[in-house]
Amino acid sequence: MGVGASIVMIALGAILRFALPGSVLGIHFGVIGVILMVVGVLGLVVALLIWGPRYRSPSAPDSDVVEERRVYGRRPPY
């Protein structure tokens with residue numbers, strides 16, 4: 001589950017929990033809403049823990065490889 005799906009589940013759960021009162025045929029919307037919000041939060045945490053470290057900025061100090069090469073016996077071109 002990605003970040004977007006987790007946010008959708010949290011929003012849908014909040015709508016079910018806080019906007020729809022009561023129950024229909026023994027199905028309590030508040031309980032289903034809480035379950036969806038908990039699953040959405042867990043999915044968001046897992047998605048950020050798994051995918052978060054992979055997204056690094058190109059300016060991170062350990063991402064640039066610098067190699068200095070010395071050539072002896074030649075005169076510099078400048």
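**Exercise 1. Place Trp51 and decide how exposed this residue is.**

Step 1. Trp51 sits in helix H2 (residues 29-51). Helices here are DSSP runs of H or I with at least four residues, and strands are E runs of at least two, numbered from the N terminus.

Step 2. The model is predicted: local features need pLDDT of at least 70, side-chain atom pairs count only at pLDDT 80 or more, and totals for chains, interfaces and linings use all residues. Residues are numbered from 1 along each chain as its sequence is written, and side-chain values use heavy atoms, without hydrogens and water.

Step 3. Buried means under 20% relative accessible area, exposed over 50%, and partly exposed in between (1.4 Å probe, protein chains only). Trp51 has a relative accessible area of 43%, so Trp51 is partly exposed.

**Exercise 2. Compare the expected and actual span of helix H1 (residues 3-18).**

Step 1. The expected span is 1.5 Å times one less than the number of residues.

Step 2. H1 has 16 residues, so the span should be 22 Å.

Step 3. The end C-alpha atoms of H1 are 22 Å apart, which agrees.

**Exercise 3. Find the buried side of H1 and its packing partner.**

Step 1. List the buried residues of H1: Ser6, Gly13 and Leu16.

Step 2. They cover an arc of only 90 degrees around the axis, so they lie on the same side of H1. The arc is taken from the directions from the helix axis to the C-beta atoms.

Step 3. Val8 and Phe18 are exposed on the other side of H1.

Step 4. The buried residues of H1 pack against H2; contact means heavy atoms within 4.5 Å.
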